[in-house]
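Please open the model in your viewer and keep the sequence panel beside it. The tour below goes from one selection to the next and says what is there at each stop.

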Amino acid sequence: MISSTSSTSPVQFRFAIVDDHDDVRSAVSSLLRSYGYATTDFDCAESLLAAGAQHTVHCIISDLQMPGMSGLQLLEHLRRNGCAVPLIMLTAFPEPAVRQRAQQGGAAAFLSKPFQGEELINAVVRACEGSAISATSDPVDPVDPSAI
C-alpha cells in the first residue's frame, strides 16, 4: 500500500487506485479527493489483494499493464472469487480485443490514457450508481454460504 487519504465529507465513497506509476496514482487520487472521495493507493494489484482492500472500497481504478498481475488479471481474480466491486480500467494501450475482454469480464468502464478528468469522474459516478453499494454503507463482502 502506498498511501491513504480522505476528505472530511460525511458521506463518502472509498476508492482504491492501482497503478505502478507514481504520477498517475497521484493525479487520479488528487482528482478524486477534489470531489470529496477517499482514496487508498497501491503500486500493484498484489498489494491491493494483500491488504484486502477489495472488501473495504466501493470501487477500484486500475491500470491495465503493470508488472506482475495486470489489471485484467486483477479483474478476473476478483470476479472468480465472488467480489463484485466495480473496477474501472485505465490503459495507454486501448486494443479492441482487450477492451472487449475487460467489458465481458465485468469492468465498469475502460478509459484510454490520456483521459479528461471529467471522463473519469463520469465513469466513477456510473460505477457507483450501478453498484449495490451506497456511500453510506460499508462495502459488502460476498455472502459466505456456510454462514447461512
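**First stop: the cysteines**

Begin by selecting C44, which counts as buried because its relative accessibility is 18%, where buried means under 20% relative accessible area, exposed means over 50% and partly exposed lies in between, with a 1.4 Å probe and protein chains only. This is a predicted model, in which local features need pLDDT of at least 70 and side-chain atom pairs count only at pLDDT 80 or more, while totals for chains, interfaces and linings use all residues. Residues are numbered from 1 along each chain as its sequence is written, and side-chain values use heavy atoms, with hydrogens and water left out.

Next, select C128, which at 7% relative accessibility is also buried. Which cysteine sulfur is closest to that of C128? It belongs to C59, and at 5.1 Å it is too far away for a bond. A disulfide is a pair of cysteine sulfur atoms within 2.5 Å, and the structure holds 0 of them.

**The whole chain**

Now colour the protein by secondary structure, and you will find 5 helices and 6 strands; helices (H or I, at least four residues) and strands (E, at least two) are DSSP runs, numbered from the N terminus. Followed from the N terminus on, the elements run β-β-α-β-α-β-α-β-α-β-α. Of the 148 residues in the protein, 46% are buried. If contact is taken to mean heavy atoms within 4.5 Å, then among contacts between residues at least 6 apart in sequence, 67% join residues at least 24 apart.

**An aromatic cluster**

Select F13, F15 and Y37 together, since these three form one aromatic cluster. Rings of Phe, Tyr and Trp (its six-membered ring) pair if their centres lie within 6.5 Å, and planes under 30 degrees apart count as stacked, over 60 as edge-to-face and the rest as tilted. A search of the whole structure finds 2 aromatic pairs. In the edge-to-face pair of F15 and Y37, the ring centres are 4.9 Å apart and the planes meet at 70°. Because F15 lies in strand 2 (residues 14-18) and Y37 in the loop between helix 1 (22-34) and strand 3 (38-42), this pair ties together parts that are 22 residues apart in sequence. F15 is buried, with a relative accessible area of 0%, and Y37 is buried at 13% relative accessibility.

**Strand 2 and helix 1**

Move to I17, which is found in strand 2 and is buried at 2% relative accessibility. Residues up to four places away in sequence not counted, I17 touches R25, V28, S29, L32, T39, T40, D41, F42 and I61. The C-alpha atoms of I17 and T39 are 6.9 Å apart in space, although the two are 22 residues apart in sequence.

From there, select S29 in helix 1, a buried residue with a relative accessible area of 1%. Apart from neighbours within four places in sequence, S29 is in contact with I17, T39 and D41.

L31 also lies in helix 1. Which residues does L31 contact, once neighbours within four places in sequence are left aside? They are G117, L120 and I121, and the C-alpha atoms of L31 and G117, 86 residues apart along the chain, are separated by 7.1 Å.

**Helices 3 and 4**

Two packed helices are described by the angle between their axes and the distance between the axes. Show helix 3 (residues 71-80) with helix 4 (residues 96-104), which pack at an angle of about 20° with their axes 10 Å apart; the axes are lines fitted to C-alpha atoms over the stretch in contact, and angles run from 0 to 180 degrees between N-to-C directions. That makes helix 3 roughly parallel to helix 4, given that angles under 35 degrees count as roughly parallel, over 145 as roughly antiparallel, 65 to 115 as roughly perpendicular and the rest as oblique. To see where the two meet, select L72, L75 and E76 in helix 3 and V98, R101 and A102 in helix 4.

**Two loops**

Select S70, in the loop between strand 4 (59-63) and helix 3, where it is buried at 16% relative accessibility. The C-alpha atoms of S70 and D19 are separated by 9.7 Å, with their positions 51 residues apart along the chain.

Finish at P114, in the loop between strand 6 (109-112) and helix 5 (117-130), where a cis peptide bond joins K113 and P114, with omega about -10°.
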